[in-house]
Amino acid sequence: MTRSLLHVVPQALAKLDPRHVYRSPVIFVVWVGSVLTTGLAVRSPSVFGWSVAVWLWLTVLFANAAEAVAEGRGKAQAASLRAAKRETMARRLRADGTEEPVPGSELTVGDTVVVEAGQVIPGDGEVVDGVATVDESAITGESAPVIRESGGDRSAVTGGTTVLSDRIVVRITTKPGESFIDRMIALVEGAQRQKTPNEIALTILLTTLTIVFLVTVMAIQPLASYSGRTQPVVVLVALLVCLIPTTIGALLSAIGIAGMDRLVQRNVLAMSGRAVEAAGDVSTLLLDKTGTITFGNRRATELLSLDDAQDLPDAAYLSSLADATPEGKSIVDLATAEYAVDEGRSAEALVRDGAEFVEFSATTRMSGVDLPDGTQIRKGATSAVRRWVEESDGAVPARVQELVDTISRSGGTPLVVASRNGSGPARALGVVHLKDVVKPGMRERFDVMRAMGIRTVMITGDNALTAASIAEEAGVDDFLAEATPEDKMRLIKKEQEGGRLVAMTGDGTNDAPALAQADVGVAMNSGTSAAKEAGNMVDLDSDPTKLIEVVEIGKQLLITRGALTTFSIANDIAKYFAIIPAMFISLFPGLDALNIMRLSSPESAMLSAVIFNALIIVALIPLALKGVRYRPSSAAQMLRRNLLVYGLGGVIAPFIGIKLIDLGVSLLPGLA
């Protein structure tokens, strides 16, 4: 805590520079008032004058501190990124294929470099030759290495990451100083943070309110003079500062910075604050089926035996032991977990005993095993296994086709299992149901989206029948089957023409146009450079489901800003009851009826309001940084809750706070 204060206080003092303060019109007015009251206090010293001047300066300092604390989080993240950024020597390829060593900072767009195991990739680029495992933990925080290879959607590499195995040739795609890490550092430090449209609109509103109150306070003096009692300038400045929305003016920048920081904490890099705000206003989510809604790899979910076949689980298990595909592994897991198959046998042990495994090929479309006792087991596509059974003097019952058709209609993939004992005829044992399994909890998450007023659309290359089945199971509102990149683009434009904001994820070059068109385009870090350039956010973990979290963070940002704006404006009411009676009670004794807080004296009432105005900023800094707790609900419910909690709370809190402060202030000499 002490160390944090040591960092924040100097930054807050440095931000007293008028060249910085003027960016927030509300706080700039307080700064001008601080200068003016300080001058008046020097000229005509008094406890009241100096107290007001000191607390006005503290108000500006607290506003600066709120921004400094928010920026401090980003600078801590930037420091870890700088540690990951290393100056390296690159092995640049010449036109004749020979290599030359050059500093990484001298590489230009289009250069090709060789990187081998144990070497650091010198700059952002794309793999044009080779395949390698790469340690990206310096960027993503994930210790597991990833595969990067040429010619696919996993070709993009980031400067500063380390090749762990093999050799790759990388074509540099960024200029020195413009790498992904450089951009991350600039963004998280706030160096490139620009005000978002909503911030600009709110700043205009706050500026307008400030001008209105400034004109109102300026009009008080002539009226007071006409009534026979002019007001000291210090009192007028105190009134102005208490009436203008200083609370939200002080916290506005911190709220925006903290919103982007919450994304960074989840390993999502927003290229601008505008993207975060747009996420909060999104009304349509386009989600790829594979990897987002489903696991992406088909998994065995049940083994459907024929009436007279009891050995299907064991046969399916044995035929899949040497199958390294996710589907094969899932059959082994299902057989041992659900059908009590003996899992003590292994592919290596069977091979030692004389078994021969038959690998899957595109020609045979089958795999299986020939056991030492002469038993043959085959597993594969329906037509391929049927042909094998018939060629082995067997016949496939009609029941098999019924099971296959049932699985296909449900959107699954059927694998038929058959066996042959020695020289006897082959026979079908049953069917394995492979299914692209929906991730747990997706239906509940989509129900939450629906409660937020967000429409979810599943995008898939599957046929309409399969897509409809998975969409029903997952609980999405709609789906787009057999989707091409052009179909995605048309759907986005159609949604936008209806006034909806659209969010989507993508990782391939073919996704780039749609990512650029979407209001929120989240590109996967494992994707191509084209995709990352087109999107306005990059997910370092390459987790498509994180799009839902991005939307929730965006909504939390907007709700936090709205809640604190409501509180800031509402707490002016108590200040009216504190300051207005104090200013004119000697001239109009009847105003004492408005002194419902029974404040000790006019001076203590005004000073208490000024002190509360400053301290409430400090009290709300944690809320501005953490964000108002977001609960999925309709806009009407959200508005009612905000008005009840922050509107009514903003009215009540100052009455209590100002009264408590007054009890202490009244003890000061000259203010009783």
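What covers the buried residues of helix 18? The answer is best approached from the chain as a whole, in a model that is predicted.

The chain comprises 672 residues, arranged with 24 helices and 21 strands. A compact globule of 672 residues would have a radius of gyration near 26 Å, whereas the value for this chain is 34 Å. Along the principal axes, the C-alpha atoms occupy a box of roughly 120 × 65 × 50 Å. Buried residues make up 50% of the chain. Of the contacts between residues at least 6 apart in sequence, 69% link residues at least 24 apart.

The exposed area of the chain is about 29700 Å², of which 57% comes from carbon and sulfur atoms. The charged side chains number 63 positive and 75 negative, and the centres of these two sets are 9 Å apart.

Within this chain, helix 18 runs through residues 485-497. Its 13 residues, at 1.5 Å a residue, should span 18 Å, and the end C-alpha atoms lie 19 Å apart, which agrees with that expectation. The buried residues of helix 18 are D487, K488, M489, L491, I492 and E495. In an α-helix there are 3.6 residues a turn, so residues three or four places apart point the same way.

The cover over the buried residues of helix 18 includes strand 10 (284-288), strand 17 (455-459) and strand 18 (478-480). Strand 19 (502-506) and helix 19 (512-517) also contribute to this cover. Just after helix 18, G499 adopts a positive phi of about 85°.

How values were computed. Residues are numbered from 1 along each chain as its sequence is written. This is a predicted model: local features need pLDDT of at least 70, side-chain atom pairs count only at pLDDT 80 or more; totals for chains, interfaces and linings use all residues. Side-chain values use heavy atoms; hydrogens and water are left out. Helices (H or I, at least four residues) and strands (E, at least two) are DSSP runs, numbered from the N terminus. The radius of gyration is taken over C-alpha atoms; the globule rule is 2.2 Å times the number of residues to the power 0.38. Buried means under 20% relative accessible area, exposed over 50%, partly exposed in between (1.4 Å probe, protein chains only). Contact means heavy atoms within 4.5 Å. Accessible areas come from the Shrake-Rupley method with a 1.4 Å probe; for residues, only the protein chains shown count as cover. Lys and Arg count as positive and Asp and Glu as negative; His and the chain ends are not counted. The place of a charge is taken as NZ of Lys, CZ of Arg, CG of Asp or CD of Glu. The expected span of a helix is 1.5 Å times one less than its number of residues.
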